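The exercises below invite you to work through one structure step by step, with the solution written out after each task. Keep the sequence and the 3D view at hand as you read.

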Amino acid sequence: MKSPARVLLAGVAAAATVGALVGCSTAGGDDSSGKTELRVATFPPGADAAAYEAFAAQEKQFEDEHPDIDIIGVEYEWEGPTFAVQLAGGSLPDVFTVPFTDAKTLLENDQLMDVTDEMDELGYTDSFNPIILEGVTGDDGKIYGFPRQAYANALSYNRELFEAAGLDPDSPPTTWDEVREYAKKITDATGKAGYSQMAINNTGGWQLTVGTVARGGRTQTDNGDGTAQSTIDNDATRGVLQFLHDVKWEDGSFGSKVDLDWGTINQEFAAGNIGMYTTGSDIYTALVRDFGLDSDVYGLTVIPLEGDDPGTLGGGDIAVMSPTIDDETKAAGVEWIDWYYMQKLLNEDAAVQDAKTLNESGQAVGTPLLPVLSRELYEESLVWIEPYINVPREQMAPFTDAIWEQTPVGEAKVKTQEVYALLDTVVQTVLTDENADIDALLAQAQTDAQALLDS
Amino acid sequence: MTMTTEERPAAASAPPALPPARRKIRRSPATWYRGGGLANLLFVLPMLFVFFFFSWSPIVQSVIMSLQKTNMIVSEWVGLDNYLAVMSDPELGRAVVNTVYFALLALLFGFPLPLFVAVLMSEVRRGKGLYSALAYLPVVIPPVVAVLLWKFFYSADPSGVFNTVLGWFGIPPQPWIQSAVQAMPSLVIEATWAAAGGSIIIYLAALLSVPPELYDAAEVDGAGIWRKVWHVTLPQLRGILFIMLILQVIATAQVFLEPFLFTGGGPAGATKTILLYIYDKAFRNSLGGDYGEATAVSVLLAIVLAVLSWLYFKLTNRWSTS
């Protein structure tokens, strides 16, 4: 009991424990080689080996040009629930991407790094599409991210299932009635889901909004003073829900799964279980890289538009930096964003090098996008990389030929993801209850959404 | 044995001295050290640190957070606003109803089944160990794997595993977890399957403690197996049944894994339980969630469970002394 050895032993045990606990709170360290370590977002977990090869090649190219920076690729996928956890836990990479819909709130919460001076120095602040740049500009007039990619929503379809149903894959549907009709033919002929739609993890609300805008409706109007009015209870949204109801309950061509989100619907589509679905026009890359789609069966067309003032809901993402990084890491982050994301949009050599590297690694080159800069620059860049384009552009012609005639519409600005989450329930109710009262659902959703917008 | 009259006065006239342990001893730091005080303190210190950092600090932080509006970076005191907000949220009411529904179904399916199986197994004379191992097997399977497996079974396609089996009997394919009506019972069936093994083992152990002579007496009186179960087994297991019931109520109040992994609370909120509600409050919003309101519900749930636990201790104490 009184032994000094025992006291010493206890002291060592206590000191070791306290030391270990203190050690838990210190993270990271300097790169022993003196380089600046930069953790950058890459692709979602589960990508194929070729994606890793392509990234390794690009990493090497960058590090050769920037010997003082050590790039560490981190698997990353923006997902509603996990993003919040990563953000709160400080485990996001130094450079990552977020959807347009989240940029405003993030910068209002001081969760993004100011990059105004850096973007001015790089000299392309004025090259951006002003509408897109506005989305990353704070009330203080400062810029908090680099818009790097934009897309329009589109209708992806399976050409093989079209053929099996006696439909011409080069003549995809151009009206929602045709979508319904084609879906029924596909289901009757193949037993597969003719048309499916996402319904969970905020994607149900997202795609309900896509359908609403395509029928001339809007789910929210901006009051211009930071507040907004919910307009979910409108005829266009009613039309989408009625369409979903009819496809599911009258035609039986929706398929059995009503709990699909971005990942699972892509998986089902790539597996050949879905005839048509709506999502971003840039989905081809993920379908091939992450879900193993056979590119021969892929078809892409524009979303059918009808009603007054219809449009195509667009979106995109922004390359941003964590607000907690030091100046040195920030400077490295800007170098990376400029090299990895921006130069291929602006510079022929960079565009060609990027396309060549991706092509040699078997990655998709030439997936249809919308320009974050100008349409001219975008179309010029397609000419630069022409020899390396490996996506079946002819199978996407119904989209690429017609998209410029559609009016692009941006996503609602206020509490976007929360309202999407709320609308998930509406979509799920219609898909699981044959007798769902659509009018009552919409009235309730509008009240709930307005309460969210006012809070 | 009785006490003699001679013994009594001695006890009455000389009250016993206080036991030595109760005496207040003033100790100097030197005596405290010589008595091994420092070594004891140093031995306890790591455990106190561990408790503080990993057990108590998050609890205290949660209570503080429930009084704040915070995104983990910027915090603002809002008093009881979070509590008032969640108490008036119809979604919470729905989550409570869903949780109670889950608990009732679990009670209906999950409570009698392990007992029934355990009683049957106790009657088996050979291969009892094998049956026990088989019954316990689902508990060994990692829960996430089990749910993924059952998700596959619950496929709503006509070619899904369960639907194929139903098809053999001419029953049309069921939507299972894709239906707002069938989703919750489907989750309960899986949860029962996953947890039954543990309960069966406990019941089997309890059955061993039933005195065999009671069964012998019942047999002499001409009782069959069901009368023996009703008049001997169940009364003898009353205590353990009661404990299992309370434990199950507490466990079902915290059900999260099944609705989270199977349905994400859907379809149309039909399987959103209290814990999933808390999770959604905190994390569904990609921009940081409403941690204040989420922790407020957590604190409320903790209080309710604490009351339940208190009741549990009260009742089990009474039972154990009877």
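**Exercise 1: the two sides of a helix**

On one side of H12(B), the residues B:Trp226, B:Arg227, B:Trp230 and B:His231 are exposed. The model is a predicted one, and the task is to find which residues of helix H12 (residues 225-236) of chain B are buried and what they pack against.

Solution. Begin with the burial cut-off, which counts a residue as buried when its relative accessible area is under 20%. By this test the buried residues of helix H12 of chain B are B:Lys228, B:Val229, B:Val232 and B:Thr233. Next, look down the axis of H12(B): its buried residues fall within an arc of 125 degrees, so they line one face of the helix. Finally, follow that face to its partners, where the buried residues of H12(B) pack against helix H6 (112-123), helix H10 (183-208) and helix H11 (212-220) of chain B.

**Exercise 2: chain B as a whole**

Describe how many helices and strands chain B has, and what percentage of its residues is buried.

Solution. Counting the elements gives 16 helices and two strands in chain B. Turning to burial, 37% of the 322 residues of chain B are buried. As a last step, take the contacts in chain B between residues at least 6 apart in sequence, of which 62% join residues at least 24 apart.

**Exercise 3: backbone angles in the loops**

Locate the cis peptide bond that ends at B:Pro267, and then examine the positive phi values of A:Asp309 and A:Lys415.

Solution. The cis bond runs from B:Gly266 to B:Pro267, with omega near -10 degrees, and B:Pro267 belongs to the loop between helix H14 (257-263) and helix H15 (274-284) of chain B. In chain A, A:Asp309 is not a glycine and yet has a positive phi of about 55 degrees; this residue sits in the loop between strand S9 (298-302) and strand S10 (312-321), where A:Asp309 is exposed with a relative accessible area of 52%. A:Lys415, also not a glycine, has a positive phi near 50 degrees and lies in the loop between strand S11 (408-409) and helix H17 (416-432) of chain A. With 23% relative accessibility, A:Lys415 counts as partly exposed.

**Exercise 4: the surroundings of a loop residue**

Is A:Asn202 buried or exposed, and which residues is A:Asn202 in contact with beyond its neighbours within four places in sequence?

Solution. First place A:Asn202 in the loop between strand S5 (193-195) and helix H9 (203-214) of chain A. Its relative accessible area is 4%, and A:Asn202 is therefore buried. Leaving aside neighbours within four places in sequence, the residues in contact with A:Asn202 are A:Gln417, A:Tyr420, A:Ala421, A:Asp424 and B:Arg284. With A:Gln417, the side chain of A:Asn202 forms a polar contact of 3.1 Å.

**Exercise 5: the second largest pocket**

Work out how much space lies in the second largest pocket, and which residues and elements line the second largest pocket.

Solution. The second largest pocket holds about 1000 Å³ of space. Its lining comprises 38 residues, and those closest to its centre are A:Ile131, A:Pro408, A:Val409, A:Gly410 and A:Glu411. Among the elements of chain A that give two or more residues to the lining are helix H4 (100-108), helix H6 (130-134) and strand S4 (146-158), while the largest share, four residues, comes from S10(A). Sorted by class, the lining has 16 nonpolar, 15 polar and seven charged residues.

Methods: Residues numbered from 1 in each chain as written. Chains lettered and ligands numbered in written order. Predicted model: local features only at pLDDT ≥ 70, side-chain atom pairs only at ≥ 80, totals over all residues. Heavy atoms only, no water. Buried < 20%, exposed > 50% of the residue type's maximum accessible area, 1.4 Å probe, protein only. Arc of directions from axis to C-beta. Contact = heavy atoms within 4.5 Å. Polar contact = N/O pair within 3.5 Å; in protein donor to acceptor, adjacent residues only side chain to side chain. 1 Å grid on protein atoms, 1.4 Å probe; cavity = no way out; pocket = protein on both sides within 12 Å on 5 of 7 lines; lining within 4 Å. Points joined across faces, edges and corners; volume = space filled by probe spheres on them. Nonpolar A, V, L, I, M, F, W, Y, C, P; charged D, E, K, R; others polar.
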